[in-house]
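Please load the structure in a viewer and keep the selection panel at hand. The tour proceeds stop by stop, stating what to select and what is found there.

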Amino acid sequence: MEGVDATSVDGTSSSSSSTPSSPSPSSLRWSMLGRFISSRKPGFKAKVELQNISRRPAGRFNVIPCCPVSMMTLATSSSGVDPKSREVIIQYAMPSTPQVKISLRQRNNADVELNDFTVSQQHNVDSTGLVCMWPAEEILTYFCVLHPDLFRKKRVIELGAGYGLAGLAIAACTEASEVLLTDGNPQVVDYIQTNIEANRAVVGDTKVSACMLHWSRHQVAMPQLNYDVIVAADCTFFKDFHLDLAHTIKGLLGVWDGCQAILFSPRRGNTLDQFVEACYSAKLNVGITEQYDAHIWSIHKGFLTNDGNSAWPNYDEEHSYPLLLSITHTDS
């Protein structure tokens, strides 16, 4: 997820107005939560209370098998990860032929620190990219790997990339010419850059890079920075950023034939519908597909009927099943 201050893809900041903007409702929520945690006495179990207010999913679709790297591998790896660290390396197996494995350095057990809230306040962003691998990111990764023709020889940018799984999967499995992974949180971008370097061997000739990018409704179209494909997962969570996200897509998406933004996002009440309205106001076309993959649909229906598949207790379709959005310019 991103903030609303304009930042170019080369990481330089720009401002649309000299007048400071008032804090957004989402940033105020993060501020309140940060103050709440910092005011508690020593011994306060932050994780327990965070779980009570979190929408972090209790399960996953399991279409991208994953496992922690063994302690022996951790101890001997070039990354030098300390087994006692709050970070862990997770290896993800792509549904590709031949199979490609991507290793990501990420937070261990959704570890949260007060500094995370401080950074969120400083940059007017959230820290959801550090929380976990969200179901929509797993589905986006699976979909992209199974549809390499959508990306072959094309320039791709991922918005709100989190730890970078989908973007790295595109780079490793689809023969894209270039993949740029972006996020508005500098902590998240640090993780992305680390994960890019750790997976150089599997991305082949694809040019892969990362940078900080803030969404902005004042995003100016720059033809030299347009992309054939934009991808994003679960980036419509905060309504405060809908218009900024829509205009960022409009500014970055190429205007030639075949250009599209591919987003996966749960409906979450009327949240997704409001984002679609923001896209319409930005003069973008939006197509929504509910059944985009037979295997994913079968898993989804199994969760709903609880037909013996207990991998996802209390599965909530509104918050957990990602819909596929295809976004294009209105004149395309």
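## First stop: helix H8

Select helix H8 together with its surroundings: the elements that cover the buried residues of H8 include S4, S7, S8, helix H9 (271–281), strand S9 (284–289) and S10. Contact here means heavy atoms within 4.5 Å. The model is a predicted one, in which local features need pLDDT of at least 70 and side-chain atom pairs count only at pLDDT 80 or more, while totals for chains, interfaces and linings use all residues. Residues are numbered from 1 along each chain as its sequence is written, and side-chain values use heavy atoms, with hydrogens and water left out. Helices (H or I, at least four residues) and strands (E, at least two) are DSSP runs, numbered from the N terminus.

Within H8, 8 of the 11 residues are buried, so the helix is largely enclosed by the rest of the structure. Buried denotes under 20% relative accessible area, exposed over 50%, and partly exposed in between (1.4 Å probe, protein chains only). To display the buried set, select His242, Asp244, Leu245, Ala246, Thr248, Ile249, Gly251 and Leu252.

## Second stop: strand S8 and its partners

Next, select strand S8, residues 260–265, where 6 of 6 residues are buried. Which residues lie on each of the two sides of S8? Gln260, Ile262 and Phe264 are on one side, and Ala261, Leu263 and Ser265 are on the other; all are buried, so that both faces are covered. In a regular strand the side chains alternate between the two faces of the sheet.

Add strand S7 (residues 229–233), which pairs with S8 in the parallel sense over 5 bridges. Two strands are taken to pair if DSSP finds at least two bridges between them. Val231 has Ile262 of S8 as its bridge partner. From S7, the chain passes through helix H8 (residues 242–252) to reach S8, a right-handed β-α-β crossover. Right-handed means that, with the strands pointing away from the viewer, the path from the first strand over the helix to the second runs clockwise.

Then add strand S10 (residues 323–329), which runs antiparallel to S8 and is joined to S8 by 5 bridges. Ala261 stands opposite Ile327 in S10.

## Third stop: Ser265

Now centre the view on Ser265, which belongs to strand S8. Is Ser265 buried or exposed? Its relative accessibility is 1%, and it therefore counts as buried. The side chains of Ser265 and Thr236 are joined by a polar contact of 2.6 Å. A polar contact is a pair of N or O atoms within 3.5 Å; within protein, one must be able to donate a hydrogen and the other to accept it, and residues adjacent in sequence count only if both atoms are side-chain atoms. With neighbours within four places in sequence set aside, Ser265 is in contact with Asp234, Thr236, Leu272, Tyr321, Pro322 and Leu323.

## Fourth stop: the sheet S1-S2-S3

Move to the open sheet of 3 strands, ordered S1-S2-S3 and paired in the antiparallel sense. Strand S1 (66–68) and strand S3 (101–107) are at the edges, each with a single partner strand, so one side of each has no neighbour in the sheet. From one strand to the next, the twist averages 30°. Axes are lines fitted to C-alpha atoms, for helices over the stretch in contact, and angles run from 0 to 180 degrees between N-to-C directions.

S1 and strand S2 (residues 87–93) run antiparallel and are joined by 3 bridges; the bridge partner of Cys67 in S2 is Gln91. Helix H6 (residues 165–173) packs on this sheet, touching S2 and S3, and its direction makes about 160° with that of S3. Helix H7 (residues 186–198) also packs on the sheet and touches S2 and S3; its direction makes about 150° with that of S3.

## Last stop: salt bridges

The whole structure holds 9 salt bridges, each a side-chain nitrogen of Lys or Arg within 4 Å of a carboxyl oxygen of Asp or Glu. Select Asp149, Arg152 and Glu175, which are linked in a network of salt bridges. The closest N and O atoms are 2.3 Å apart for Asp149 and Arg152, and 3.4 Å apart for Arg152 and Glu175. Arg152 lies in the loop between helix H5 (135–146) and strand S4 (155–159), and Glu175 in the loop between H6 and strand S5 (178–183), so this pair ties together parts that are 23 residues apart in sequence. Asp149 is exposed at 58% relative accessible area, whereas Arg152 is partly exposed at 32% and Glu175 is partly exposed at 48%.
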